[in-house]
Amino acid sequence: MSNDTTLVLGATGKTGRRVAARLRLHGTQVRAASRSSRTRFDWSDPGSWDAVLQDVTAAYVVPPPVPGPVHEFVARAEAAGVQRLVLLSGRSADTWGDSTFGLDMRSAEDAVCGSALEWTVLRPSNFNQNFDEDLFHAPLVAGELTLPAGAVPETFIDVEDVADVAAAVLTETGRHAGRIYELTGPRALTFGEAVGLISRASGLPIAYKQVSPAEYTAALVEEGWGEDDAHHVAEMFVLLERRTSAETTDGVATVLGRAPRTFEDYAVRAAAAGAWRR
Ligand SMILES: NC(=O)c1ccc[n+]([C@@H]2O[C@H](COP(=O)([O-])OP(=O)(O)OC[C@H]3O[C@@H](n4cnc5c(N)ncnc54)[C@H](OP(=O)(O)O)[C@@H]3O)[C@@H](O)[C@H]2O)c1
């Protein structure tokens, strides 16, 4: 067991809780933090930051949706003696121009890459687990996923691979310093094809329905979303249409020395765990 402590933010989330488990297994001391974790960390409460940064060697940073506070957080991390930061960013951070998504992702990256600390940035594509742990789960259980995604191919990545990469980067000191890793799955699928694989693996009739971004936004608002948030989610699909992130990358293989997990593997595992059971 190493005496070094690694701070994991977003520790109850899709990547953070998997990263924390891998680090513990590796023998690294983990400080798992979020608003609802035993170690409380809230991006909107800077008073909660210094305590979690005490005696930390490395940190896995899941930024808030509006990443302004990341700049001050990085300054506090430097002052606290943190040596390494691994930032969870997103695919297209550098190609989505002055869209809100592009600006937000680049702002968080600038905060980390502009620091004096050893840093690594992870830019994963859309997660497979959005289909069973996030936004797409409830519609799939209801039998139909309605999106403005069209025939855009997406290089979905398994969050287990993102966590494997993050844990490797956090524990292999020096090897990944100053690197930006573009992380994708092994092939691109349309959202409709992804739903088809989930339907087959689960044995459940699940349809994919194409709508316009405006219809999608209106549907989210009807479900109770705020207008701004609904527009923001719909904007992602408009940006995907630019196809600047439709190609696979060798990011997972570069870090882990193996191919990324397939979407089929994910669909089988999640279906076997009853993810979409009605
Ligand atoms: N989903 C995708 O397809 C995808 C793809 C690429 C990149 N990303 C990026 O991944 C990030 C999300 O990571 P994730 O999927 O691992 O997390 P997640 O499953 O969305 O969960 C969010 C985590 O952040 C914590 N959190 C939320 N608000 C917080 C706050 N105000 N202060 C402190 N902690 C807070 C939550 O815990 P508490 O509720 O306990 O605070 C939770 O642990 C986003 O930055 C997104 O841009 C996502």
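**Exercise 1. A loop residue and its backbone**

Arg243 is found in the loop between α10 (227-240) and α11 (251-256); state which sign its phi takes, and how Arg243 is classed by its C-beta neighbours.

*Solution.* The model is a predicted one, in which local features need pLDDT of at least 70, side-chain atom pairs count only at pLDDT 80 or more, and totals for chains, interfaces and linings use all residues. Residues are numbered from 1 along each chain as its sequence is written. Helices (H or I, at least four residues) and strands (E, at least two) are DSSP runs, numbered from the N terminus. Step one: the phi of Arg243 is positive, about 60°, although this residue is not a glycine. Step two: a residue is buried if 20 or more other C-beta atoms lie within 10 Å of its own, exposed if 12 or fewer, and partly exposed in between, with C-beta atoms placed from the backbone. Arg243 counts as partly exposed because it has 13 C-beta neighbours inside 10 Å.

**Exercise 2. A second positive phi**

Locate Ser92, and explain why Ser92 is assigned its burial class.

*Solution.* Ser92 lies in the loop between β5 and α4, and, although not a glycine, Ser92 has a positive phi of about 80°. Ser92 is classed as buried because 21 other C-beta atoms lie within 10 Å.

**Exercise 3. The open sheet**

Give the order of the strands in the seven-stranded sheet, then say which strands stand at its edges and which helix packs on it.

*Solution.* Two strands pair if DSSP finds at least two bridges between them. The seven strands form an open sheet in the order β3-β2-β1-β4-β5-β6-β8, with parallel pairing. Its edge strands are β3 (39-40) and β8 (179-183), each of which pairs on one side only. Helix α4 (residues 100-113) packs on the sheet, touching β4 (56-61), β5 (84-88) and β6 (118-124), and the direction of α4 makes about 160° with that of β6. Such axes are lines fitted to C-alpha atoms, for helices over the stretch in contact, and angles run from 0 to 180 degrees between N-to-C directions. Turning to a single pair, β1 and β2 (residues 29-34) are joined in the parallel sense over four bridges; Thr5 stands opposite Gln29 in β2, and Leu7 has Arg31 as its bridge partner there. Five of the six residues of β2 are buried, so that this strand is mostly covered.

**Exercise 4. From β1 into α1**

Work out where Thr15 sits, which residues Thr15 contacts, and against which elements the buried residues of α1 pack.

*Solution.* Thr15 is placed in the loop between β1 (5-8) and α1 (16-26), and counts as buried because it has 24 C-beta neighbours inside 10 Å. Two residues are in contact if their C-beta atoms, placed from the backbone, lie within 7 Å. Leaving aside neighbours within four places in sequence, Thr15 is in contact with Gly10, Val62, Leu88, Val159, Val162, Ala163 and Ala166. In α1 itself, Gly16, Arg18, Val19, Ala20 and Leu23 are buried, and the buried residues of this helix pack against β1, β2, β4 and α7 (159-171). Just after α1, Gly27 takes a positive phi of about 100°.

**Exercise 5. The ligand shell**

State how many residues surround the ligand, and how the shell divides by residue type.

*Solution.* There are 25 residues around the ligand, and the closest are Gly13, Thr15, Ser34, Arg35 and Ser36; a residue is near a molecule if its C-beta atom, placed from the backbone, lies within 6 Å of it. The shell comprises nine nonpolar, 12 polar and four charged residues. Here Ala, Val, Leu, Ile, Met, Phe, Trp, Tyr, Cys and Pro count as nonpolar, Asp, Glu, Lys and Arg as charged, and the others, Gly among them, as polar.

**Exercise 6. Alternation in β7**

Determine which side chains of β7 (residues 144-147) are buried, and which strand is joined to β7.

*Solution.* In a regular strand the side chains alternate between the two faces of the sheet. In β7, Leu145 and Leu147 point to one face and are buried, whereas Glu144 and Thr146 point to the other and are not. Four bridges join β7 to β9 (residues 207-210) in parallel, with Tyr208 of β9 as the bridge partner of Leu145.
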